[in-house]
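Work through the exercises below with the sequence and the model open. Each task is followed by its solution in steps.

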Amino acid sequence: MKKRLILGAVSTFLVSTLISTVGVGESKAENKPISADFSVSYSPYYYKWSEKAGIDEKGWVHALKVSGKMHVSKIIWIPYIEPSFKIYGGEVKYDGQAWTGEAAKTKTNYNGWEAELNLGYTYAFDKNFKVSLYGGIGREYWKRDLENAIVDNTLAIGYSEKWRQNYVKIGVKPEYDIGNYYVFGNFYAKYPWKVKESASLFDVEVEPGKKLNYGAELGVGVKGFLKKDLGVFASVFYERDKFGKSDKDYSEVIGDYLHQPESKRETYGFRIGINF
């Protein structure tokens, strides 16, 4: 909220398949009418948060993600189902303002979780190249816990913010195989239908503006690593989430209206994981 010790953090959505191509399916699905794959990955990434009120947060955050993928290969009109769940957390540097407007530097503890459910369909153009189209829904919760700071020899009290967003997502995942090796990508857009932010210290809740957001990932992997059904992969990624200026909510604690200025979150990182 503007000029405070400042802002500390399945049902279905169906993707239609509009055209048919040469073939369908993935390696395991070709031999089994119903198959399931799982993956676990770890991601250290650089996190940046900025607000038009003059606030910046930067630092490293760490994430652990688990996901599954189930497909029915013999019934071509059934999409694959892919749920995932991610937890993350870290401590970042805060450069902003105190309640009175003076510059303040401290740290922010940042942690949260994200759950997604995607439906998709894979088109195999030949034995080496395939593309998956997918869409789904997700929910993310995060908490920004701003630590206390000393400003002009005076203690400025930190506070916590809780953010929630529900969103829809569409994307495309190309993959090209070279023997047991492969390269892959993931390019997507997402749009929130609900965004909420609350600060219990001030007893307020506001709704930041909704913006179209996007992300991209590029990586390489190896199938049959050490054993037949075990694979490893590594990738780099970027994601941007932008939120517009919120409505105002009156705080009886301070006797004034508060709002969330236009804000942007960016993450740059890499991911390593296993498939099984």
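**Exercise 1. State how strands E5 and E6 are joined, and find the partner of E5 on its other side in sequence, E4.**

Step 1. Strands here are DSSP runs of E of at least two residues, numbered from the N terminus, and two strands pair if DSSP finds at least two bridges between them. E5 and E6 (residues 129-146) run antiparallel and are joined by 17 bridges.

Step 2. The two strands form a hairpin, with 4 residues between them. Ala124 stands opposite Lys130 in E6.

Step 3. E5 (residues 103-124) also runs antiparallel to E4 (residues 80-97), with 18 bridges between the two. In that pairing Ile81 faces Leu119 of E5.

**Exercise 2. Decide how far the model can be read with confidence.**

Step 1. This is a predicted model, in which local features need pLDDT of at least 70 and side-chain atom pairs count only at pLDDT 80 or more, while totals for chains, interfaces and linings use all residues. Residues are numbered from 1 along each chain as its sequence is written, and side-chain values use heavy atoms, with hydrogens and water left out.

Step 2. The pLDDT is the predictor's confidence in each residue, from 0 to 100. Its mean over the chain is 84, and 83% of the residues reach 70 or more.

Step 3. Over residues 1-30 pLDDT stays under 50; for this stretch the model has 119 contacts (heavy atoms within 4.5 Å) beyond four places in sequence.

**Exercise 3. Which residues have the most contacts inside the largest nonpolar core, and which strands supply it?**

Step 1. A nonpolar core is a set of buried Ala, Val, Leu, Ile, Met, Phe, Trp, Tyr and Cys residues joined through side-chain atoms within 4.5 Å. Buried means under 20% relative accessible area, with a 1.4 Å probe and protein chains only.

Step 2. The largest such core has 13 residues, and Tyr45, Tyr47, Val61, Tyr88 and Trp142 have the most contacts inside it. E2 (34-51), E3 (55-72), E4 and E13 (231-243) each supply at least two of its residues. The largest share, 3 residues, comes from E2.

Step 3. Another core, of 5 residues, lies apart from it and includes Tyr159, Phe202, Val204 and Leu258.

**Exercise 4. Is Lys190 buried or exposed, and what does its side chain contact?**

Step 1. Lys190 is in strand E10 (residues 181-199). Lys190 counts as buried because its relative accessibility is 3%.

Step 2. Its side chain makes a polar contact with the side chain of Asp241, at 3.5 Å. Such a contact is a pair of N or O atoms within 3.5 Å; within protein, one must be able to donate a hydrogen and the other to accept it, and residues adjacent in sequence count only if both atoms are side-chain atoms.

Step 3. Leaving out residues up to four places away in sequence, Lys190 also touches others, including Glu114, Gln165, Lys211 and Glu239.

How values were computed: Buried means under 20% relative accessible area, exposed over 50%, partly exposed in between (1.4 Å probe, protein chains only).
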